[in-house]
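Student: Let's work through this model together. I'll ask, you reason.

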Number of protein chains: 2
Amino acid sequence: MVLAQDLLRANSHLASGNREILDRHGVRALNIIGSPGAGKTALLERTVEALKGRVRLGVIEGDISTTRDAERIAKTGAQVVQVNTGGNCHLNAGMVGQALEKLPLEKIDLLVIENVGNLVCPAAFDLGEDLKAVVLSVAEGDDKPEKYPATFLACGAAVITKTDLLGHTDFDLKRCVEEIRAVNGNIIIFSTSSRTGEGFDEWCAWLEDFALKGRMGRGE
Amino acid sequence: MVLAQDLLRANSHLASGNREILDRHGVRALNIIGSPGAGKTALLERTVEALKGRVRLGVIEGDISTTRDAERIAKTGAQVVQVNTGGNCHLNAGMVGQALEKLPLEKIDLLVIENVGNLVCPAAFDLGEDLKAVVLSVAEGDDKPEKYPATFLACGAAVITKTDLLGHTDFDLKRCVEEIRAVNGNIIIFSTSSRTGEGFDEWCAWLEDFALKGRMGRGE
């Protein structure tokens with residue numbers, strides 16, 4: 001990763017500004033990171049449906065190109081803003097700051113920021129979120145945590161997706177969980193299928209609790 | 001992507017050096033790009049087996065961390081060098097130049113460089129290869145070409161992998177091929193399954209022909 005220190009410093013400054021704005025509105029923010037096709041948007045679609053009436057969700061969709069993901073999320077009824085990075089391989093705090101201006105923050109409890117599909121670069125950029133979560137699909141293989149350690153280390157939650165494909169791949173769920181824990185012993189891990197709904201009760205209960213901490217003030 | 005122009009210029013210079021070395025030895029080189037878990041290494045394992053006695057293969061394995069992929073390839077008997085980028089999200093020409101020094105180029109017809117798992121950043125860095133190929137798995141979804149256009153535009157070949165999962169996902173092969181062609185009308189497209197061997201006859205025949213161009217001199 002080609003990271004100019006000046007650029008990271010400028011990003012941190014903008015991220016602090018975003019965090020202030022979110023705090024002022026009692027909005028909790030989750031930055032979701034994962035490979036292209038890890039199932040981030042599908043996870044989010046089903047999550048919005050599951051949390052209806054429990055948590056008021058806002059979504060920022062980060063993509064290099066197209067507005068497809070925002071269109072998918074808009075259908076669920078959630079507040080959503082698409083950010084196109086135009087080639088950039090990750091969101092930065094400046095892009096998120098501009099997106100925040102377009103969201104009715106007073107009506108949002110939990111902001112989910114879906115980063116550009118990339119298991120490497122997004123982890124280095126603070127967007128002003130409270131927590132980063134990594135999404136890894138069963139189809140990607142159980143050997144990824146130690147191959148991409150920086151992202152798993154930067155995240156407080158890991159969501160294994162596409163568990164409906166477990167029988168059709170060589171993926172070993174136990175091995176994957178062990179690998180994640182070997183990289184980051186403090187991470188909370190969920191196993192989900194956005195097709196069947198498996199694991200959504202645990203994931204959404206955790207998200208609801210996570211969102212609630214915003215409404216109660218930041219007493220963590 | 002944070003790209004200093006100076007850095008890209010320095011990379012181009014080193015890539016030209018790699019190209020000269022490869023040319024001198026009559027080695028053709030393919031730079032393989034794809035998401036984490038797209039199935040690049042599995043494709044390569046089966047490709048090495050299929051090309052035994054037809055093409056002498058060398059492999060450079062690019063990963064942020066671990067030597068797992070090189071170990072997998074070594075088992076096939078192919079010449080392989082692992083490069084760990086230590087955080088960098090793509091290989092660069094300097095890393096490949098150092099790896100070339102460790103390979104017996106006089107005994108190699110085709111060098112396959114497996115880049116770091118990342119569908120975005122590697123496309124911008126010339127390694128001295130003759131051609132870039134993008135690998136996209138059925139599990140990633142048919143909507144990726146237009147969401148990650150720069151990589152599909154930079155590549156001369158696209159390999160759709162994991163076709164054994166077609167019935168277990170919403171992936172529409174026809175739509176995906178159309179999307180790839182919409183981004184890049186000059187790309188050759190293969191559909192493969194490294195589990196069943198589907199599509200390997202076409203893919204390996206093409207690779208053999210590609211490798212042969214090195215032995216015959218660069219008359220393209």
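Tutor: One cut-off before we start: a residue counts as buried under 20% relative accessible area and as exposed over 50%. By that rule A:F190 is buried, and so is A:W203. Keep in mind that this is a predicted model.

Student: What kind of aromatic pair do A:F190 and A:W203 form?
Tutor: A pair of aromatic rings is described by the distance of the centres and the angle of the planes. For A:F190 and A:W203 the centres are 5.5 Å apart, with 65° between the planes. Planes over 60 degrees apart count as edge-to-face. The pair of A:F190 and A:W203 is therefore edge-to-face.

Student: Which elements does that pair link?
Tutor: A:F190 and A:W203 are 13 residues apart, and their pair links distant parts of the chain. A:F190 lies in strand β7 (residues 188-191) of chain A. A:W203 lies in helix α8 (residues 200-215) of chain A.

Student: Which residues does the ring cluster in chain A hold?
Tutor: Over all chains the structure holds 8 aromatic pairs. Ring pairs join a cluster made of A:F190, A:W203, A:W206 and A:F210.

Student: Are the rings of B:W206 and B:F210 stacked or edge-to-face?
Tutor: Both residues are buried. They sit 4 residues apart in helix α8 (residues 200-215) of chain B, about one helical turn. Their ring centres are 5.5 Å apart and their planes at 15°, so the pair is stacked.

Student: Is A:L7 buried, exposed or partly exposed?
Tutor: A:L7 is found in helix α1 (residues 5-24) of chain A. Its relative accessible area is 34%. Since that value falls between the 20% and 50% cut-offs, A:L7 is partly exposed.

Student: Which strands pair with β5(A)?
Tutor: Strand β1 (residues 28-34) of chain A pairs with β5(A) in the parallel sense over 5 bridges. There, A:G34 stands opposite A:V135. Another 5 bridges join β5(A) to β6(A), again parallel, with A:L136 opposite A:I160. The partners include β1(A) and β6(A).

Student: How many residues of β5(A) are buried?
Tutor: The strand has 7 residues and is largely enclosed by the rest of the structure. The count of buried residues behind that is 6 of the 7.

Student: In which sense do β2(A) and β3(A) pair, and what is the handedness of their β-α-β unit?
Tutor: Strand β2 (residues 57-63) and strand β3 (residues 79-84) of chain A share 6 bridges in the parallel sense. One position is A:G58, opposite A:Q79 in β3(A). With helix α3 (residues 68-74) of chain A, these strands make a β-α-β unit that is right-handed.

Student: Which residues touch the most other members of the largest nonpolar core?
Tutor: That core has 44 residues. β5, β6 and α7 of chain A and β5, β6 and α7 of chain B each supply at least two of them. One of the best-connected members is A:I187, whose contacts beyond four places in sequence include A:V134, A:F152 and A:I180. The full set is A:V134, A:I160, A:I180, A:I187, B:I160 and B:I180.

Student: What axis relates chain A to chain B?
Tutor: Chain A can be laid on chain B with an RMSD of 0.0 Å. The operation is a turn of 180° with a shift of 0.0 Å along the axis. That is the relation of a two-fold axis.

Student: What percentage of chain A's interface residues are also interface residues in chain B?
Tutor: The copies meet through the same surface because the two sets of interface residues overlap. The share for chain A is 98%.

Note on methods
Residues are numbered from 1 along each chain as its sequence is written. Chains are lettered from A and ligands numbered from 1 in the order in which they are written. This is a predicted model: local features need pLDDT of at least 70, side-chain atom pairs count only at pLDDT 80 or more; totals for chains, interfaces and linings use all residues. Side-chain values use heavy atoms; hydrogens and water are left out. Two strands pair if DSSP finds at least two bridges between them. Helices (H or I, at least four residues) and strands (E, at least two) are DSSP runs, numbered from the N terminus. A crossover is right-handed if, with the strands pointing away from the viewer, the path from the first strand over the helix to the second runs clockwise. Copies are superposed by least squares on the C-alpha atoms of residues with pLDDT of at least 70 in both. Contact means heavy atoms within 4.5 Å. A nonpolar core is a set of buried Ala, Val, Leu, Ile, Met, Phe, Trp, Tyr and Cys residues joined through side-chain atoms within 4.5 Å. Buried means under 20% relative accessible area, exposed over 50%, partly exposed in between (1.4 Å probe, protein chains only). Rings of Phe, Tyr and Trp (its six-membered ring) pair if their centres lie within 6.5 Å; planes under 30 degrees apart count as stacked, over 60 as edge-to-face and the rest as tilted.
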